[in-house]
Amino acid sequence: MRRFLFCAFIASTVLGSAGIAGATAARTRINIAPLNDSGETGAATLEQQSDGSLLVTVLTHNAGPDAQPVHIHKGTCDNSTAIAFRLQNAVNGKSQTRLKGVKLSDLTSSANVINVHKSAKEMGTYVACGRIRA
């Protein structure tokens with residue numbers, strides 16, 4: 001019986017840390033799809049940190065030459081509304097932001113998306129979007 005419990009513990013530890021289906025209780029990965037024929041794709045990882053902050057890393061491919069504003073918006077990719085959180089601009093396709101006091105569960109429990117804007121000059125043009133979910 002002990003051997004069975006030990007094997008079950010090891011299996012759950014390995015499977016849990018592997019991030020089955022892209023998500024665990026403290027980490028989720030989302031796909032970022034192109035918008036407005038941009039061809040810009042990517043992924044974002046949202047990971048709860050031990051200090052209570054949320055680390056948001058966005059990596060995109062086929063980004064333009066300008067720094068790109070990145071935000072977490074309320075709503076969906078088809079209909080996003082207010083900015084919930086401003087993230088660091090993506091430079092050369094990468095943005096990394098630590099959001100203090102934000103819980104991953106707060107973002108996965110309602111409709112939220114990560115939007116990538118074309119540039120600071122063209123804020124009204126979204127070039128990529130990904131839906132945040134557990």
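This short talk walks through one predicted protein model, from its overall make-up to one strand and two loop residues.

Before I begin, please keep in mind that the model is predicted, that local features need pLDDT of at least 70, that side-chain atom pairs count only at pLDDT 80 or more, and that totals for chains, interfaces and linings use all residues. Residues are numbered from 1 along each chain as its sequence is written, and side-chain values use heavy atoms, with hydrogens and water left out.

Let me start with the whole protein, which has 2 helices and 9 strands, where helices (H or I, at least four residues) and strands (E, at least two) are DSSP runs numbered from the N terminus. If you follow the sequence from its start, these elements come in the order α-β-β-β-β-β-β-β-α-β-β. Of the 134 residues, 34% are buried, and here buried means under 20% relative accessible area, exposed means over 50%, and partly exposed lies in between, with a 1.4 Å probe and protein chains only. Taking contacts (heavy atoms within 4.5 Å) with a separation of 6 or more, 53% are between residues 24 or more positions apart. The protein exposes about 8,100 Å², and carbon and sulfur atoms supply 53% of that area, as computed by the Shrake-Rupley method with a 1.4 Å probe, where for residues only the protein chains shown count as cover.

Now to strand β5, residues 68-75, which is mostly covered, since 7 of its 8 residues are buried. Which strands pair with β5? One is β6, residues 80-90, which runs antiparallel to β5 over 6 bridges, and the other that I will show is β8, residues 112-117, which is also antiparallel to β5 and is joined to it by 5 bridges; two strands count as paired if DSSP finds at least two bridges between them. On the β6 side, G75 stands opposite S80, and a hairpin of 4 residues links β5 to β6. On the β8 side, H71 has N115 as its bridge partner.

Finally, let us turn to the loops, with the background that most residues other than glycine have a negative phi. In the loop between β2 (27-34) and β3 (41-48) we find N36, whose phi is positive, near 55 degrees, although the residue is not glycine. Is N36 buried or exposed? N36 counts as exposed because its relative accessibility is 58%. The loop between β6 and β7 (94-99) holds N92, another residue other than glycine with a positive phi, about 55 degrees. N92 has a relative accessible area of 77%, so N92 is exposed as well.
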